[in-house]
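Here are my notes on the model you sent, set out point by point so that each can be checked against the coordinates. I begin with a single loop residue and work outwards from there.

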Amino acid sequence: MTPRSGRPPRRGARGDPSPARSGTRSTGSGGSTTSRGSRGGRRWRRGAVVGLAALGLLAVLLTVYALSLEREITAKWQGRKWNIPSRIYSDVEPIYPGLNLARSEIPIKLESLGYRRVSATPRPGQYSRSRDRLTIHLHEFDYPDGAFRGFPLELSLAGNRVTAMRDGRSGRDLSLARLEPEMIASIFDEHMEDRTPVALRQVPRDLADAILAVEDKRFFTHRGVDPVRIAGAAFANLKPGEELQGGSTLTQQLVKNYYLTHERTLSRKLKEAQMALVLEAKYRKRDILEAYLNEIYLGQQGSSSIAGVGEAAKYYFSKDVGQLTLGECALLAGLIRNPGFYNPYTHGARAEARRDLVLRLMLEQERITRAEHDAARKEPIEVGGRRPELNTAPYFVDFVLEQLEEQYGQDALTSEGLRIFTTLDMRAQRQAREALVKGLDHLEEGYPSLRKTAGQLEGAFVVIDPQTGYVKALVGGRDYGRSQFNRVTQARRQPGSTFKPFVYLTAFQSKTPEGGRYTTVTGISDDPFTLTSGGRNWTPENYDKQTHGTVTLRTALEKSYNVATARLALQVGLKRVVATARAVGITSPLKALPSLALGAFEVRPLEMAAAFTTLANGGIRAEPLTIVQVVDSEGRTLEKREIKMKRVVDAEATYLVNSLLQGTFERGTAAPARRMGYSQHAAGKTGTTSDYKDTWFVGYTPELLALTWVGFDSNRPVGLTGDRAALPIWTRFMLAYAPGVAPEFNAPEDILLVGIDPASGYLSTPDCPVVRYEPFVIGTEPTEVCPLHGYLAPQEEDGWWIF
C-alpha cells in the first residue's frame, strides 16, 4: 500500500516498518498486515538469538562435562590401575632320591598346589602315578632367583621311596628338584580382589579371540559404543523365550567395572556410554583390551573374587595364562556372562555347553579353522585341583605381617603385589596343628574337669630348625576363628622347669666352690633350705614333696629336682645364670632372685624355643627367622634376610647339658614319650609351674626342635604336669612328622666318654652292677675307682704296684 503523503515510509526505532503519521488513520488491510509481520519477525529473531545462545551454552556445558570425564578417566588410568594383593608363600619342598613320598606327604602337597592326577601323559599342572613311576609336570614359577620353566619330572619308585629322578624332556638324571612353594595367604584391600596382572603379549591369541567373539566381535571397528550391537540386543530381547542379551561393548563393560557402579539406572548407563567414547578417543584399542582382560570378574574363591584372566587361569586350570589350550580359552571366555552359573567346578555340563557355543562363534567369525574347532570340542574339561580356601597357618601369617607392616606399611602390602617367601614348612604346619588340636581334645576327654572351667583349654606349638633358625611351623592357639591371640609370640608365661637347663649350662662353664669343674656326676645336695630375700622367706620344694640327699647333677636335672637346682643356681651365682639366659636369646625381664632358677619369670614361648636351639646347635644361637625374601611385582628383590648365627656358649658345656636332657627320655620326666612309641635320639625338658597354671615341653634333635605349651588364658590351674599335658602333644607331632632315625649329637673333640658307677660317681670296676658312660671334658674325669663294689684300684708305691 502507498502512503498518502509523498514521503517514504518511516521505520520505527527497531527497523520495523511502521505506518505514516497523519491525521487520517489507514483503514486498509495492508497497514494491518505490515504491523503483524513486523512483530512476528521481531519474535523470530529473538527466538533465534535465544536458541543460538542456548546451543552455545549447551556446547560449553558438554565440553566442560567431556573434559571432566576425561580428567576422571585419566586420573585412574595412569599409574597403577589396580591394588594388587601381596602374597605370602611357604618354603619349597625338595625332592631327591631316597625321599619317602608317603612320609613326606607329596600327594597332599601336589593337591594343595593344584596339581591334578591324570591317567594320560601329564600336561603342565598334572601328574600320573603307576606302581614304579611318578611323573609330575611341574608348574612354571617365578622364584626370587629367577623364572623356572616347568618340565615333566620323572621319578622312579620302589614302593614309596624315590630311587632315581630325571628330566622327562632331556632324559638327564637329576639329584635334586623342588616343588614350588604354596601360597598360604593373600593380603587384600577392602575390595578383596585376587588378581594376577598380565600384559597383552602374555595372553594367548585364542583367548583374546574367544572373548571378542562372544563379548564384542566389532571391538576393533566401533568407537566405544556399537549401535548395531544395541539394536541387535534390543531385537533379540523382544523375542519370547530368548536369553536376554546385552548391548554393551567391551569398552562399556570396562567402564562399568573399572569406573562406575553396577546400579541399573538410565543416568549411569548414559554416563557409561559417554565415558566409553572418551576412553576410545584417548587410548589405543590394545591398551583397552589389556585393561579389560585384567579387570573382568571371573568367579569367586571363598571371600575373595577372581579378577582377570591371569588369576582365572590359575584358579580353574592351575596354569599360567600362556599355557591355556583353545578349549580352555573358550571356557574362560564363556564364564564372563555368569561365572557362578557356568563354573566348571560345580556345573560341568553347563560349562561345556557354554564353551562349545564360544567355539562355534569363533568358527563362524573365522577366528579358528574347522579342524581347530573340532579338536577343541573334544578336549575334556579338566579343571585344576582347587586350592584350599582356608589359611592353614593364620598365626604364622599374622606374625609375618607384624614384621612386614613395620617396614612396608599396610598400604603397600595391600596394593603393590609384593611376594613374600617364608620359612614355613606346610607339612610341619599341618602336623603341628593336628597334634595340638587333637592333643587338647584328648586331654579334655581324659580329664573332664578341664571342660568345666571358664574359658577353653588352650595351647601353643612352634617348630624351629636349630641349624638355620627357620620357623617351620607356628600354631598360636587352638582355634584362630575363636581367638586371634598368638600365644607363641604374644603370651608371656612362667616357663617353670624348662628354665632349669640354663642353670646347668651356667654351672658347666663355672668352677665349683672347691675350685674344680662341674661335671655330670658332681654331687649337689637336695636337702631342704630356706632363704630370706626382701624380708620374705623362700623355701623351694620338690614336686614329690620329698628330699633326696646328695644327688648327681644328672639325676637332679633328669628328675627335675627343684631343691638341688635352686642350690646349684646359688652356688654358680644368679647373675651368671641371668647372663647365660641372655646369651642364649631370652630377652624378657629377668631378675637375679632365687626363684629365677625354677622359671618364675615370664617369657614368650618363641624366645624359649629360640633359646633351646642354642643347645640343639652345639652352643651356636640361630635367630628365629620367618621371612626369607621380599620381591616386588617386577621381580626385584626388596629384602633378603640372612641366617644369623653366633656362638654364645662353649660347645663342651652344651654337650654336657644335652647329655643330661637325653637322659630325661630314658630315666626322667620325658620317659612317657618312650611309652608312646617315640624311640629316636632326642633331648628335652618338661616344665610345670608351682601352681600348675603352665605346662611345657621342649624337645629337640640336632635337626629339629619343637615346643608346646598348654594352659588357660585366664591363668586358671590346669592341674597337670608337663609330662602329662604338653609332652604327649610333642610326641604325637614327632611320630607323625619325623618318624625316621634322628642323628646323634656330635661330641666336641675335648669330650671323653668314661664308664662310671652311677651309685658312687667314680670310675666303674668289673664288679659294679651298673655302668653308665658319662661325658667329661678332658681333664675333669674322675681318677678314683668305685669304692662300693669290692674292687680297689692298684696303687703305685716306690715303683711297685700294690693290689
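1. The model is a predicted one, and I would start with Ser510, which sits in the loop that runs between helix H16 and strand S18 (523–525). Although it belongs to a loop, Ser510 counts as buried because its relative accessible area is 3%, and the cut-off for that class is under 20%. The side chain of Ser510 forms a polar contact with the side chain of Arg576, at a distance of 3.0 Å. Leaving aside residues up to four places away in sequence, Ser510 touches Gly516, Arg517, Tyr518, Val572 and Arg576.

2. Arg576 leads on to the packing of two helices, since it is one of the H19 residues that make the contact with H16. The axes of helix H16 (residues 500–507) and helix H19 (residues 574–584) come within 9 Å and cross at roughly 110 degrees; H16 and H19 are therefore roughly perpendicular to each other, as that class covers angles of 65 to 115 degrees. On the H16 side the contact is made by Phe502, Val503, Leu505 and Thr506, and on the H19 side by Arg576, Val577, Thr580 and Val584. By residue class, the contact of H16 with H19 comprises five nonpolar residues, two polar and one charged.

3. A second residue worth inspecting is Lys285, which is found in helix H7 (residues 285–295). Is Lys285 buried or exposed? With a relative accessible area of 17%, Lys285 is classed as buried, because the limit is set at under 20%. A polar atom of the Lys285 side chain lies 2.4 Å from the backbone oxygen of Phe219. When residues up to four places away in sequence are not counted, the residues that Lys285 touches are Phe219, Phe220, His222 and Glu280.

4. Turning to strands, S13 (residues 297–301) and S14 (residues 304–307) run antiparallel and are joined by three bridges. Within this pair, Gln300 stands opposite Ser305 in S14. The hairpin of S13 and S14 has two residues between the strands, and Gly302 takes a positive phi near 65 degrees there.

5. An open sheet of five strands, with mixed pairing, follows the order S11-S1-S15-S23-S24. Its edge strands are S11 (183–187) and S24 (637–640), each of which pairs on one side only. Neighbouring strands of this sheet are turned against each other by 15 degrees on average, with direction ignored. Inside the sheet, strand S15 (residues 419–422) pairs with strand S23 (residues 627–631) in the antiparallel sense, over four bridges, and Ile420 stands opposite Val630 in S23. Helix H12 (residues 394–408) packs on this sheet, where it touches strand S1 (86–89) as well as S11, S15, S23 and S24. The direction of H12 makes about 55 degrees with that of S23.

6. Finally, some totals give the setting for these local points. The protein chain has 24 helices and 32 strands, and buried residues make up 51% of its 803 residues. Among contacts in the chain with a separation of 6 or more, 67% are between residues 24 or more positions apart.

How values were computed. Residues numbered from 1 in each chain as written. Predicted model: local features only at pLDDT ≥ 70, side-chain atom pairs only at ≥ 80, totals over all residues. Heavy atoms only, no water. Buried < 20%, exposed > 50% of the residue type's maximum accessible area, 1.4 Å probe, protein only. Polar contact = N/O pair within 3.5 Å; in protein donor to acceptor, adjacent residues only side chain to side chain. Contact = heavy atoms within 4.5 Å. Pairing = 2+ DSSP bridges. Axes fitted to C-alpha atoms, helices over the stretch in contact; angles between N-to-C directions. Parallel < 35°, antiparallel > 145°, perpendicular 65-115°, else oblique. Nonpolar A, V, L, I, M, F, W, Y, C, P; charged D, E, K, R; others polar.
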